[in-house]
Structures are given as structure tokens and as C-alpha cells.
Amino acid sequence: MKVYAFMADGTEETECLAVADVLVRGGVEVTLVSVSDKKEIVSSHGITVVCDAVIGGVDCSDADALFLPGGMPGTRNLAACGRLADMLTDAARKGRRLAAICAAPSVLGRLGLLIGRRATCFPGFEGELTGAAYTGEGVVTDGNVTTARGLGYALDLGLELLALLTTKDNAAHVKSAIQYDRV
């Protein structure tokens, strides 16, 4: 299994890295991808994160999932990346899993990838989930799209994606190993 997690300057680093951590613990290969021409991004909290690749150097045709963390202005920076928009649209057309947390489901909404689906996001971004039925739930999976409300649900999102990409038993094992009993 292979997941590409896209980061931009202003990304909420914990939303990205918590999900990536859970997936890696469960045996999923995660590639952190900067949507700029440099591997380093500066998060919404001023923390520098070095990504594995830049968007111009990745081919997501082998992706099992594409993941967007939220944060501001990171979400706006993700939305402004035309190459990322093309990758998301192509992945959706091919039925690959898309995931987004916090403000980032708005990126999927603006691309029309949530039409007819149930979805959630950080409060205040509901109007940008074009065509979706907003639920307000912590984590929502509808078809090949999984969305989460915010940072407090990052581990839940990671576990949901792990169950969807591998097995529920694998996700339960990781959940137990990290001493997480919330969900």
C-alpha cells in the first residue's frame, strides 16, 4: 500500500504526521510531498518539515491514497497547486482513495470531488464542501473519500485509513500498540 501526503507552507504539521505515523506503523508506505519546488515546508506553527519529494518529481499513478492535511494558510496553498488538483481529479476518476482533514476537505469540495457524498471538515468550512452533505462527525468515509474534522481526529483518521487500506485487524493492532482507546 502506498499513500502520498501533500504538504505546503502553512500545513498543520501534526494532522499530517500523526496520520502518516499510524499508517507507517501499519506497514503502509507514506511519501511526504511538498507542493512547491523545495522539500522543506514551514508549518502553520513555524516548524520546518523536510518532505521526501517535491510534487514535480512524483508520479502518483501507483498511489492507493492521496491525503491532504489542513491548516492555514496550508490549505489555501494546496488549493492553489494546479498539479495537485490534476492528481486529485485523476485519482478520483480512477477510484483511488482520497482523504482530507480539517480545512483541506474544502480542496476536494472546490474540485467537485465531494458531490453527492457525506463529508466533514473544520467548522466554518462547510460552505466549501460543494455538493456534499456535511455531517459534523469526527471522521466520515463515503465511498473512496474519507474526511476528518480536525487535529483532534488525526489518530482516528489514520486508523480509519489503515483499516480501509489494509485490514481492520491491522488497524486494531496499531491502535492497541499506541495505547489509544478513544475510538
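Q: Let's start with S7. Which residues sit on its two faces, and are they buried or exposed?
A: Both faces of S7 are covered. Arg97, Ala99 and Ile101 are on one side, Leu98 and Ala100 are on the other, and all are buried. Keep in mind that this is a predicted model.

Q: Why do the residues split into two sides like that?
A: In a regular strand, side chains alternate between the two faces of the sheet.

Q: How many of the residues of S7 are buried in total?
A: 5 of its 5 residues, so S7 counts as mostly covered.

Q: Which strands run parallel to S7?
A: S6 does, with 4 bridges joining S6 to S7. Strand S11, residues 145-148, also runs parallel to S7, and 4 bridges join that pair.

Q: Got any residue partners for those?
A: Yes, one for each pair. Alanine 65 has arginine 97 in S7 as its bridge partner. Isoleucine 101 stands opposite alanine 148 in S11.

Q: Zoom out. What's the strand order of the sheet?
A: S5-S2-S1-S6-S7-S11-S10. The sheet is open, has 7 strands and shows mixed pairing.

Q: Which strands stand at the edges?
A: Strand S5 (53-54) and strand S10 (139-142). Each has a single partner strand, so one side of each has no neighbour in the sheet.

Q: What about S1 and S2, how many bridges join them?
A: 6 bridges. S1 covers residues 2-7, S2 covers residues 29-34, and the two run parallel. Tyrosine 4 faces threonine 31 in S2, and alanine 5 has leucine 32 in S2 as its bridge partner.

Q: Which strands does helix H1 touch?
A: H1, residues 13-25, packs on the sheet and touches S1, S2, strand S6 (65-68) and strand S7 (97-101). Its direction makes about 155 degrees with that of S2.

Q: And helix H3, where does that pack?
A: Also on the sheet. H3 spans residues 82-93 and touches S1, S6 and S7. The angle between its direction and that of S6 is about 135 degrees.

Q: Back to S2 for a second. How many of its residues are buried?
A: 5 of its 6, so S2 is mostly covered too.

Q: New topic: how many disulfides are there?
A: 0, from a search of the whole structure.

Q: Why doesn't cysteine 16 have a bond?
A: The closest cysteine sulfur, in cysteine 51, is 7.3 Å from the sulfur of cysteine 16, which is too far for a bond. A disulfide needs the sulfur atoms within 2.5 Å.

Q: Is cysteine 16 buried or exposed?
A: Buried, with a relative accessible area of 0%.

Q: What about cysteine 102, how far is the closest cysteine sulfur?
A: 8.5 Å, in cysteine 121, so that is too far as well. Cysteine 102 is buried, with a relative accessible area of 9%.

Q: Switching again. Where does isoleucine 47 lie?
A: In the loop between strand S3 (40-42) and strand S4 (48-50). Isoleucine 47 is partly exposed, at 42% relative accessible area.

Q: Which residues is it in contact with?
A: Leaving aside neighbours within four places in sequence, isoleucine 47 contacts Glu13, Ile41 and Val42.

Q: Last one: how do H5 and H6 cross?
A: Helix H5 (residues 154-165) and helix H6 (residues 168-177) have axes that come within 7 Å and cross at roughly 150 degrees. The crossing is right-handed.

Q: Which residues make that contact?
A: Leu159, Leu162 and Ala163 of H5 meet Lys168, Asn170, Ala171, Val174 and Lys175 of H6. By class, that gives 5 nonpolar, 1 polar and 2 charged residues.

How values were computed: Residues numbered from 1 in each chain as written. Predicted model: local features only at pLDDT ≥ 70, side-chain atom pairs only at ≥ 80, totals over all residues. Heavy atoms only, no water. Pairing = 2+ DSSP bridges. Contact = heavy atoms within 4.5 Å. Axes fitted to C-alpha atoms, helices over the stretch in contact; angles between N-to-C directions. Buried < 20%, exposed > 50% of the residue type's maximum accessible area, 1.4 Å probe, protein only. Left-handed = near helix turned anticlockwise from the far one by under 90°. Nonpolar A, V, L, I, M, F, W, Y, C, P; charged D, E, K, R; others polar.
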